[in-house]
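Here are some notes to keep beside you as you look around this structure for the first time. They go point by point, so feel free to pause at each one.

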Amino acid sequence: MKLVFVTQEVDPDHAALAQTVDLIGALAARVDELAIVARDVEWDGVPANAAVRTFDAAGKLGRGWQFERSLNASLGGADAVLVHMVPQFAVLAAPAVRIRRVPLGLWYTHWHSGATLRAATTVADVVFSVDCSSFPLATPKVRGIGHAIDVVRFAPGPPPMHEGPLRLLALGRTARWKGLATLLDAVSLAVDRGADVQLEIRGPSLTDDELLHRRELERRVGNDDSLRARVAILPPIRRDEIPALIASADLVVSPNEPSSGATLDKAVFEAAACARPVLSTNPAFASLLGELDLPLLAPARDPEALAEAIVALADAGRVALARAGEQLRARVVADHSLDHWADAVIEVLREIRSPRARAGSERTHG
């Protein structure tokens with residue numbers, strides 16, 4: 001089988017897209033040939049059975065022309081095309097893919113929708129997402145296949161051995177919809193109610209507004225005596241350092257507040273894979289975080305409720321938190337591992353390809 005994988009960046013050090021290299025490695029292990037079409041590739045670990053073509057250029061027209069050129073050069077003998085997270089790439093790929101009767105898949109997991117995503121959903125044969133709730137449009141084309149978490153890289157480490165405050169970790173970009181302002185309010189309330197906690201906010205700021213929001217959060221901490229000694233807002237770290245960072249925390253907090261739909265934050269799955277308990281404000285995580293002995297779900301945009309959950313988890317103690325982390329690890333391994341994801345992608349694309357291949361053969365010999 002030959003698969004064409006279309007993405008933005010292939011870079012293990014990219015602040016937001018580093019996981020792409022995991023996807024490529026897992027897919028390459030399951031096909032005879034992998035063609036990678038990307039705007040830029042900064043990776044010396046490209047699999048031996050993968051060919052790389054890039055399409056970076058000055059200006060949108062130049063990139064569009066280079067994209068079409070790189071894609072067409074990669075389509076020879078292709079059995080399927082998978083577009084990763086960029087609906088526009090699926091729209092651009094559709095004419096060339098349809099002429100060759102090659103199945104077109106789109107992996108997309110985000111709350112944002114728009115005309116381009118609707119167009120991509122129309123031209124795609126199948127849409128992959130974590131589950132139906134993580135794709136913002138209603139369509140029978142969606143296949144929920146779980147997240148692609150490398151459960152070998154993100155594995156349990158030694159439990160935190162420190163004494164003193166319960167260590168909370170919020171991991172990810174400083175986007176406003178991440179709910180970090182609400183989290184600061186909740187931590188302040190929890191401390192007022194006697195919870196002995198510390199919070200580390202760690203992640204990149206990739207846009208002007210994310211930089212602005214980061215400064216707002218820093219000012220909020222600096223101007224609050226109760227938070228100044230308990231909250232640290234720190235720069236991002238390399239992806240290979242994240243498992244150790246997660247292992248150092250007693251509790252990972254994900255207070256996401258997407259403006260529409262649901263987004264299943266990858267950091268939640270990575271923390272759970274490391275057997276750390278996760279407190280989230282996203283109801284879409286009910287299947288992962290629900291039905292445990294500890295309250296790991298709280299309402300979004302509600303500092304009071306989030307503070308109440310933090311206090312309850314602090315009171316539960318580290319033994320109970322560790323037990324919840326072990327249960328979460330088992331759930332991620334079963335339903336959200338990298339191998340589970342890659343197996344599902346290949347199986348579905350082969351199912352779609354088979355009838356088309358038979359139809360093409362019948363026309364040729366008819």
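1. A word on naming first: helices (H or I, at least four residues) and strands (E, at least two) are DSSP runs, numbered from the N terminus. You are looking at a predicted model, in which local features need pLDDT of at least 70 and side-chain atom pairs count only at pLDDT 80 or more, while totals for chains, interfaces and linings use all residues. Residue numbers start from 1 along each chain as its sequence is written, and side-chain values use heavy atoms, with hydrogens and water left out.

2. A good place to begin is Glu 270, which is found in helix α9. Is Glu 270 buried or exposed? Its relative accessibility is 4%, so Glu 270 counts as buried; here buried means under 20% relative accessible area, exposed over 50%, and partly exposed in between (1.4 Å probe, protein chains only). Leaving aside residues up to four places away in sequence, Glu 270 touches Ile 149, Phe 154, Arg 239 and Ile 246, where contact means heavy atoms within 4.5 Å.

3. The rest of the helix is worth a look too. Helix α9 spans residues 266-273 and is mostly covered, with 7 of its 8 residues buried. Alongside Glu 270, the buried residues are Ala 267, Val 268, Phe 269, Ala 271, Ala 272 and Ala 273. Which elements cover them? The cover includes the strands β8 (166-171), β11 (251-254) and β12 (278-280), together with the helices α8 (242-247), α10 (286-289) and α12 (318-335).

4. Now look at the two ends of α9. At its start, a side-chain oxygen of Asp 265 reaches to within 3.1 Å of the backbone nitrogen of Ala 267. This can be read as a polar contact, that is, a pair of N or O atoms within 3.5 Å; within protein, one must be able to donate a hydrogen and the other to accept it, and residues adjacent in sequence count only if both atoms are side-chain atoms. After the helix comes Ala 275, in the loop between α9 and β12. The phi of Ala 275 is near 65°, a positive value in a residue other than glycine. At 9% relative accessibility, Ala 275 counts as buried.

5. A second positive phi can be found elsewhere. Arg 101, in the loop between α3 and β5, has a phi near 55° and is likewise not a glycine. Arg 101 counts as partly exposed because its relative accessibility is 34%.

6. Strand β11 is covered on both faces: Leu 251 and Val 253 on one side, and Val 252 and Ser 254 on the other, are all buried. β11 runs parallel to β8, joined by 2 bridges, and parallel to β12, joined by 3 bridges; two strands pair if DSSP finds at least two bridges between them. Val 252 is the bridge partner of Leu 169, and Val 252 also stands opposite Val 278 in β12.

7. Strand β6 (residues 126-129) can be read in a similar way. Val 126 and Phe 128 point one way, Val 127 and Ser 129 the other, and all are buried. β6 pairs with strand β5 (residues 104-107) in the parallel sense over 3 bridges, with Gly 105 opposite Val 126.

8. What about enclosed space? On a 1 Å grid over the protein atoms alone, a cavity is a set of points where a 1.4 Å probe fits but cannot get out, and a pocket is an open set with protein on both sides within 12 Å along at least five of seven lines; lining residues have an atom within 4 Å of a point. A search of the whole structure finds 2 cavities of 30 Å³ or more. The largest has a volume of about 100 Å³, and of its 14 lining residues, Ala 170, Leu 171, Val 253, Ser 254 and Asp 265 lie nearest its centre. β8, β11 and α9 each supply at least two lining residues, and the largest share, 3 residues, comes from β11.

9. The second largest cavity has a volume of about 40 Å³. Its lining is made of Asp 293, Leu 294, Ala 320, Arg 323, Ala 324 and Gln 327.

How values were computed
Grid points are joined across faces, edges and corners, and a volume is the space filled by probe spheres set on the points.
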